[in-house]
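Student: I am new to this structure and would like a close look at a single part of it. Please take one residue as the starting point and then work outward from there.

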Amino acid sequence: MSQQLWSEVDEYLSGVLVPSDPALEAALRASDEAGLPSIAVAPNQGKLLNLLARMIGAHSILEIGTLGGYSTIWLARALPPQGRLVTLEFDPKHAAVARANIDAAGLGGLVDVRVGKALDLLPSVDGPIDLAFIDADKVNNPAYFEASLKLVRPGGVIVVDNVVRGGAVANAASDDPNVQGIRRLHELISAEPRVDATAFQTVGTKGYDGLTIALVKS
């Protein structure tokens with residue numbers, strides 16, 4: 001098994017199940033041209049987010065970590081015309097690129113891009129939220145999860161990206177603060193009676209990583 005094979009399989013699956021999309025491809029190009037890091041979700045992962053939002057009939061979505069707006073577009077497309085998506089981005093440059101990409105995709109009326117530290121912005125987000133997607137700095141994942149749990153309604157979903165870190169998450173002795181943040185997240189989830197959750201490993205164009213998905217029970 002190799003990165004080349006993982007990428008080839010991802011390309012095959014996306015080619016069969018995720019049709020070419022001008023707005024999404026333009027968002028990736030604009031992000032690259034602006035010098036943003038190439039860490040957006042893969043196309044098949046973006047569609048997974050879209051499908052999850054549609055499966056629960058989401059009308060309100062919270063995203064923590066906007067980057068260039070690629071995942072934001074996938075999520076916003078799952079919303080009905082009266083829906084809303086609040087996305088939080090620390091970097092003003094990233095937020096500006098994201099706003100342009102979201103507007104170009106025709107979704108500006110559904111999306112509110114807010115700039116600043118997520119932990120400072122989260123108290124101003126109104127609930128109830130149907131789906132929260134956490135894809136920001138990993139050190140603060142436990143705090144992002146706790147804040148999201150206060151907002152997401154029973155029956156809603158919280159998704160956390162990049163929770164495997166190339167397998168490093170299994171190393172309790174890791175001195176990587178990102179790994180420790182993810183481990184604290186899972187310890188928090190394990191002890192939280194209001195959610196039922198699982199996590200799984202993924203391989204693909206983005207390498208070896210994984211997702212955590214939590215259902216809010218009450």
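**A proline in a helix, and its surroundings**

Tutor: Start with Pro-142, which belongs to helix 7, the run of residues 141-151. The model is a predicted one, and what follows describes that model. Pro-142 has a relative accessible area of 13%, and since buried means under 20%, Pro-142 counts as buried. Leaving aside neighbours within four places in sequence, the residues in contact with Pro-142 are Gly-181, Arg-184, Leu-185 and Leu-188. One of these, Leu-185, is 43 residues from Pro-142 in sequence, yet the two C-alpha atoms are 4.5 Å apart in space.

The contacts of Pro-142 lead to helix 8, which covers residues 177-190. After helix 8 comes a loop that runs to strand 6 (195-204), and Glu-192 lies in that loop. Glu-192 is buried, because its relative accessibility is 14%, and the cut-off for buried is under 20%. The side chain of Glu-192 makes a polar contact of 2.8 Å with the side chain of Arg-194.

On the other side of helix 8 in sequence is the loop that joins strand 5 (152-161) to helix 8, and Arg-165 is found there. With a relative accessible area of 29%, Arg-165 is partly exposed. Leaving aside neighbours within four places in sequence, Arg-165 is in contact with Lys-138, Asn-178, Val-179, Ile-182, Tyr-208 and Asp-209. For Val-179, which is 14 residues away along the chain, the separation from Arg-165 is 7.1 Å between C-alpha atoms. The backbone of Arg-165 has a phi near 55 degrees, a positive value in a residue other than glycine.

The loop between strand 5 and helix 8 also holds Asn-162. Phi of Asn-162 is near 60 degrees, again a positive value in a residue other than glycine. Asn-162 is buried, at a relative accessible area of 18%, whereas Arg-165 is partly exposed at 29%.

Helix 7 can also be approached from strand 4, which covers residues 129-134. Ile-134 has its place in strand 4, and its relative accessible area is 0%, so Ile-134 is buried. Neighbours within four places in sequence aside, Ile-134 is in contact with Ile-64, Asn-141, Tyr-144, Phe-145, Ser-148, Ile-158, Val-159, Val-160 and Asp-161. Helix 7 is the run of residues 141-151, and the contacts of Ile-134 include Asn-141, Tyr-144, Phe-145 and Ser-148. Strand 5 is the run 152-161, and Ile-158, Val-159, Val-160 and Asp-161 are also among the contacts of Ile-134. Further back along the chain is Thr-66, 68 residues from Ile-134 in sequence, with 9.6 Å between the two C-alpha atoms.

Just ahead of strand 4 there is a backbone feature to look at. The peptide bond from Gly-127 to Pro-128 is cis, and its omega is near 0 degrees. Pro-128 itself has its place in the loop between helix 6 (118-121) and strand 4.

For a point elsewhere in the chain, take Leu-28 in helix 2, residues 22-33. Leu-28 has a relative accessibility of 32% and counts as partly exposed. Leaving aside neighbours within four places in sequence, Leu-28 is in contact with Ala-40 and Tyr-70. Ile-102 is 74 residues from Leu-28 along the chain, and their C-alpha atoms are separated by 11 Å.

These parts can now be placed in the whole. The protein chain has eight helices and seven strands. Its radius of gyration is 16 Å, close to the 17 Å that the globule rule gives for 218 residues, so the chain is as compact as a globular protein of that length. The C-alpha trace spans about 45 × 40 × 30 Å along its principal axes. Of the 218 residues, 48% count as buried, and Pro-142 is one of the buried residues. Contacts such as the one between Pro-142 and Leu-185 can be set beside a figure for the chain: among contacts between residues at least 6 apart in sequence, 70% join residues at least 24 apart. The chain exposes about 10,200 Å², and carbon and sulfur atoms supply 56% of that area. As for charge, there are 18 positive and 25 negative side chains, and the centres of the two sets lie 5 Å apart.

Technical notes
Residues are numbered from 1 along each chain as its sequence is written. This is a predicted model: local features need pLDDT of at least 70, side-chain atom pairs count only at pLDDT 80 or more; totals for chains, interfaces and linings use all residues. Side-chain values use heavy atoms; hydrogens and water are left out. Helices (H or I, at least four residues) and strands (E, at least two) are DSSP runs, numbered from the N terminus. The radius of gyration is taken over C-alpha atoms; the globule rule is 2.2 Å times the number of residues to the power 0.38. Buried means under 20% relative accessible area, exposed over 50%, partly exposed in between (1.4 Å probe, protein chains only). Contact means heavy atoms within 4.5 Å. Accessible areas come from the Shrake-Rupley method with a 1.4 Å probe; for residues, only the protein chains shown count as cover. Lys and Arg count as positive and Asp and Glu as negative; His and the chain ends are not counted. The place of a charge is taken as NZ of Lys, CZ of Arg, CG of Asp or CD of Glu. A polar contact is a pair of N or O atoms within 3.5 Å; within protein, one must be able to donate a hydrogen and the other to accept it, and residues adjacent in sequence count only if both atoms are side-chain atoms.
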